[in-house]
Amino acid sequence: MENLSTTGKIWHQSTSHWVEGASLAQKLGLPELLGRLLISRNITDVNTAATYLQPTLKQLPNPNTLQGITEATTRLHTALKNKEKIAIFGDYDVDGACAAALALRYFRHFSLAPILYVPDRLKEGYGPNPTAMENLKEQGVSLVITVDCGIQAFPALKKAEDLNLDVILTDHHQASAELPPCVACVNPNRLDDISELPMLCGTSVIFYVLMALNAHLRQEDFFKQNNIKEPDLRQHLDLVALATVCDIMPLIGANRVLVSKGLQVMAQWQNAGLAALKEVADVKNADTYACGFQLGPRINAAGRVDDCTLGAKLLATNNPEEAQALAHQVHAHNIKRQEIEKNDLAEAMAQAEKQCEKETPPAIILQSELWHPGTIGIVAARIKEKFNRPTFVFSITNGIAKGSGRSIPAVDLGGGILVCTDIILNGGGHPMAGGLSIYAAKLPEFTERFREFCDIQTQNNPTAHTPELTIDTPLSIAAANLETLNTLKQLAPFGPKNLEPLVILENITVSFIKPVGSEGKHLKITFQDSMGSTLSAISFGSANTPLEELLNASKRGKKIDVTGHLRHNEWQGVVRPDFQLRDARAHT
């Protein structure tokens with residue numbers, strides 16, 4: 001195995017694309033650095049590069065390539081024509097809340113008042129259930145539209161069929177060969193789907209359905225006949241962007257377009273709920289950081305510890321006063337969630353360390369009757385980060401274990417759930433994350449089978465469990481300036497499959513270092529090269545770690561290489577470059 005960094009990672013750095021990058025940059029009239037970065041993202045020709053750097057909605061694939069979309073639009077046309085009572089059945093995470101809010105806003109445009117139904121996380125668990133279908137039928141609902149859920153809800157949809165309750169299923173989680181009974185199933189991860197849109201989140205799927213519905217109604221002259229203005233879906237792209245980022249979808253292809261344009265819409269803050277949440281969360285910019293770390297966690301929090309409908313209601317309201325009240329509610333729930341999470345994480349980490357005392361297993365499976373079901377996803381992510389193993393964390397209540405999982409690039413977690421379909425109650429996921437419910441008595445069998453699946457996935461990959469960093473380009477401290485920062489920003493929005501460029505500063509020393517933050521957990525650093533050029537940097541959570549030891553050794557003269565991200569830092573109206581340290585190693 002290659003030499004590891006101070007934090008135990010493998011660094012990958014390639015210069016093989018430099019000639020191609022220079023050539024592409026010359027053809028496009030761009031800086032050479034940008035050409036190299038495009039090539040490293042497998043963007044090799046002028047036309048692809050041009051559309052990548054300037055994404056437009058015209059680049060989106062035709063919605064009609066999605067299986068089931070014709071059946072969906074036909075049934076929705078009937079529902080609108082007959083002014084049927086519709087229910088939107090959502091999920092309690094950010095994607096589910098955004099998808100539900102988008103659907104609610106769309107159908108309200110037609111003077112309909114759909115029922116919002118989000119299952120109680122503690123009492124009902126994930127996704128549609130038979131009792132919920134009965135309740136909706138009793139309320140006079142004739143059409144249920146699932147958003148971000150339902151692809152594995154066979155008992156619930158069979159109950160709906162028995163009740164003559166029509167269901168349009170929209171989802172993006174991995175599907176089995178057999179589909180639940182419904183009038184239409186739109187899911188880019190259906191095994192028979194040919195749309196080449198598997199990266200869409202749940203909100204993007206319903207967005208695509210509504211795009212197709214607009215086109216269908218336009219073709220049928222519905223808007224003119226009923227004197228209704230066609231809904232402008234572009235104004236709701238902020239919800240699509242937020243959901244895509246928070247559901248950790250790859251930011252390539254259609255997603256790059258949707259998020260890029262969605263962030264532009266978000267920057268106008270026309271959605272009353274997002275505008276109120278912006279103030280509560282002290283959001284400075286409409287970007288992927290705000291989505292993933294400021295807005296998203298607060299929307300998630302309500303569904304984790306309290307009323308699962310709050311997120312969707314917040315994002316669907318047009319009333320500023322209601323938005324303010326709901327925003328403060330979810331903010332308070334987020335503080336409560338953080339407290340619960342801190343305790344649950346400490347207990348789970350202790351259990352994981354004990355499980356890994358002798359040898360770290362292929363997957364870490366943790367369980368407790370004391371953990372809150374709303375925090376287990378975050379806890380699973382933290383455990384996975386530390387041990388670099390696929391991780392499931394289960395909260396057990398009355399003999400039912402509700403689990404949330406996070407994975408590593410080498411293991412398809414959603415596929416691992418699918419091979420256990422016969423022993424779980426319900427569930428699903430993507431390659432990197434998922435969730436399920438199972439009888440607690442079945443957990444030993446699930447553990448054995450899931451670990452065997454992980455073993456098979458990693459058996460020919462000797463570095464599967466070693467975290468890796470792929471470095472995009474070397475940079476000198478002198479070149480770490482605002483001009484370079486503006487060049488890098490042309491690749492945004494950043495996320496999976498389009499990661500923020502990781503640069504390396506080589507053969508440098510530390511001239512200044514001190515702990516900062518309320519608890520002194522972070523490090524403020526100044527790097528210096530042999531020419532005397534300096535660069536300010538921050539390293540989060542690095543105090544009292546081997547990384548701090550290396551940095552202190554560098555302050556005494558030891559040469560090091562560091563890798564991280566170049567960022568803007570604005571203070572009292574002055575903007576300057578800053579470096580966010582990710583890792584370091586001794587220079588050789």
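In what order do the strands of the open sheet of 5 strands come? The close-ups below start there, and every one of them shows a predicted model.

**View 1. An open sheet with mixed pairing.** The order of the 5 strands is 7-8-9-11-10. At the edges stand strand 7 (364–368) and strand 10 (426–429); each has a single partner strand, so one side of each is left without a neighbour in the sheet. From one strand to the next, the twist averages 20°.

**View 2. Strand 7 beside strand 8.** Here we zoom in on one edge of the sheet, where strand 7 pairs with strand 8 (residues 391–397). The two are parallel and share 5 bridges. To find your place, look for Ile-365, which stands opposite Phe-392 in strand 8. As background, strands of a sheet pair through backbone hydrogen bonds, either parallel or antiparallel.

**View 3. Two helices that meet the sheet.** Helix 16 (residues 376–387) packs on the sheet and touches strand 7, strand 8 and strand 9 (400–406). The direction of helix 16 makes about 45° with that of strand 9. Helix 18 (residues 443–458) lies across strand 7, strand 8, strand 9 and strand 11 (433–439). Compared with strand 7, helix 18 runs at about 165°.

**View 4. The two sides of helix 1.** In helix 1 (residues 18–28), the buried residues include Gly-21, Leu-24 and Ala-25. These three cover an arc of only 100° around the axis, which puts them on the same side of helix 1. Helix 2 and helix 3 are among the elements that cover the buried residues of helix 1. Turned away from that buried side is a face carrying the exposed residues Val-19, Gln-26 and Lys-27. After helix 1 comes Gly-29, with a positive phi near 70°.

**View 5. Two asparagines with positive phi.** Most residues other than glycine have a negative phi, which makes a positive value worth a close look. Asn-42 has a phi near 60° and sits in the loop between helix 2 (32–40) and helix 3 (46–53). Asn-42 is exposed, with a relative accessible area of 67%. The phi of Asn-227 is near 55°, and its loop runs between helix 9 (222–225) and helix 10 (237–246). Asn-227 counts as exposed too, at 75% relative accessibility.

**View 6. A cis peptide bond before Pro-493.** Most peptide bonds are trans. The bond joining Ala-492 and Pro-493, however, is cis, with omega about 5°. Pro-493 lies in the loop between helix 19 (482–489) and strand 14 (503–516).

How values were computed
Residues numbered from 1 in each chain as written. Predicted model: local features only at pLDDT ≥ 70, side-chain atom pairs only at ≥ 80, totals over all residues. Heavy atoms only, no water. Helix = DSSP H or I, 4+ residues; strand = E, 2+ residues; numbered from the N terminus. Buried < 20%, exposed > 50% of the residue type's maximum accessible area, 1.4 Å probe, protein only. Pairing = 2+ DSSP bridges. Axes fitted to C-alpha atoms, helices over the stretch in contact; angles between N-to-C directions. Contact = heavy atoms within 4.5 Å. Arc of directions from axis to C-beta.
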